[in-house]
Amino acid sequence: MDNIRDYLAHNNCAQVAIRHRGNIVLDEQFNSEPQDVAAVQKGIVALMMGIAQEKFLLEIIDNMNHHVDPEWTNIGPWDEAKLTIEHLMTMTTGMDDKLNPAGEIGSTWFYNNIAYQKLKEILTLHTGLTLNEVTRQWICDPLNMTNTEWRERDMKLPDGSNMTGLYSTASDLMKVGDVVLADGAPLITDSMFMDQLAAPGSEDNPAWGLMWWNNNQDRFRLPFREEKLFDGPIIPGAPEDLISARGARCVHLGVSKQHELVVAWTINNSGDFNPRIEKEVWPMILEVL
């Protein structure tokens, strides 16, 4: 563990937290301030959609236009009417990030950050709460996550509002990983939904499920490089059963049921980062355990 801690410290890591078989084996803060965890937020929003489904506020197979006002896209009314919540989660909307036609709905994988924001809108519309309030009530308070909150980013959405980033720490993210390791407990009882989280969401990119990555497929596509199909698992050297939420700058939350293991690290929002950190750290972790 000393080698892992030193490696992460020298690679601009802010915090790292590892739980193995119920015991915390590493919990280090090189910088105690919560960091923007980038797309790791999607893994948490996915769980919130599962909670919303259990509260009968929605079903992920619902058409989007049952929950938001029509004409929120540029793909025409007939195609827009086909879009479901699940399409947004699997990134198979058939749209580009200007919400124009770009592929086939339900088939073409395109990492659509703009369409994804509508999932947050649905959560606030159906609860009457702000995004921070609903996240606190459904996720943070039950899990005793005290250093996690949404903050506005400078980037504007098509409606003129600010995009939101989730700020958190490795210790808080580890608690989210504990939920995935425990098949949803204590937040979600629907085991079918939990199984679906990292199941292949499309043939086009089978490594992506409901906003979580799996590590057991023979090919994958990456955000913003969708045109290229890569061979092999997304993180060679990590467990085959790994389920992960992954963000820009290589922020990471990973869960392996086989190893009873949750691994989380954050990267400082400023300074350099190592794009190979996942591929280099995971073999080190498995060697120690």
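Which residue in S5 is the bridge partner of tryptophan 150? In this predicted model, the bridge partner of tryptophan 150 in S5 is leucine 166, and the report begins with the sheet that holds this pair before turning to other parts of the chain.

## The sheet of three strands

Strand S4 and strand S5, the latter covering residues 162-168, run antiparallel and are joined by five bridges. They belong to an open sheet of three strands, in which the order is S3-S5-S4 and the pairing is antiparallel. The edge strands of this sheet are strand S3 (35-36) and strand S4 (149-156), each of which pairs on one side only. Helix H2, made of residues 40-54, packs on the sheet and touches S4 and S5, and the direction of the helix makes about 95° with that of S5.

## The sheet of six strands

A second description concerns an open sheet of six strands, whose order is S2-S1-S11-S10-S9-S6, again with antiparallel pairing. Here the edge strands are S2 and S6, and each of them pairs on one side only. Strand S1 is joined to strand S11 (residues 261-267) by seven bridges, and the two strands run antiparallel; within this pairing, arginine 19 stands opposite valine 262 in S11. Helix H7 (residues 170-181) packs on the sheet, where it touches S1, S2, strand S9 (243-247), strand S10 (251-256) and S11, and its direction makes about 150° with that of S11.

Strand S1 (residues 13-20) also pairs with strand S2 (residues 23-29), in the antiparallel sense and over six bridges. In this pairing, glutamine 15 stands opposite glutamine 29 in S2. The two strands form a hairpin with two residues between them, and arginine 21, which lies in the turn, has a positive phi of about 50°.

## Two packed helices

Two packed helices are described by the angle between their axes and the distance between the axes. For helix H5 (residues 113-127) and helix H6 (residues 131-143), the angle is about 80° and the axes are 9 Å apart. The two helices are therefore roughly perpendicular to each other, because angles of 65 to 115 degrees count as roughly perpendicular.

In the contact between them, Lys120, Leu123, Thr124 and Thr127 in H5 meet Leu131, Val134 and Trp138 in H6. Sorted by class, this contact of H5 with H6 has four nonpolar, two polar and one charged residues.

## Two buried polar residues

Is glutamine 117, which has its place in helix H5, buried or exposed? Glutamine 117 counts as buried, because its relative accessibility is 8% and buried means under 20% relative accessible area. The side chain of glutamine 117 reaches the backbone oxygen of asparagine 113 at 3.0 Å. When neighbours within four places in sequence are left aside, glutamine 117 is in contact with Leu157, Met163 and Thr164.

Serine 202 lies in the loop between helix H8 (191-196) and strand S6 (213-214). Serine 202 is buried as well, with a relative accessible area of 8%. A polar atom of its side chain lies 3.1 Å from the backbone nitrogen of asparagine 205. If residues up to four places away in sequence are not counted, serine 202 touches Thr92, Ser107, Trp109 and Trp208.

## Backbone details in the loops

Most residues other than glycine have a negative phi, and most peptide bonds are trans. Against that background, a few places in the loops deserve a careful look. Methionine 211, found in the loop between H8 and S6, has a positive phi of about 70° although it is not a glycine. Methionine 211 is also buried, with a relative accessible area of 1%.

Arginine 249 has its place in the loop between S9 and S10, and its phi is near 65°, which is a positive value in a residue other than glycine. The peptide bond from alanine 185 to proline 186 is cis, with omega near 5°, and the place of proline 186 is in the loop between H7 and H8.

How values were computed
Residues numbered from 1 in each chain as written. Heavy atoms only, no water. Pairing = 2+ DSSP bridges. Helix = DSSP H or I, 4+ residues; strand = E, 2+ residues; numbered from the N terminus. Axes fitted to C-alpha atoms, helices over the stretch in contact; angles between N-to-C directions. Parallel < 35°, antiparallel > 145°, perpendicular 65-115°, else oblique. Contact = heavy atoms within 4.5 Å. Nonpolar A, V, L, I, M, F, W, Y, C, P; charged D, E, K, R; others polar. Buried < 20%, exposed > 50% of the residue type's maximum accessible area, 1.4 Å probe, protein only. Polar contact = N/O pair within 3.5 Å; in protein donor to acceptor, adjacent residues only side chain to side chain.
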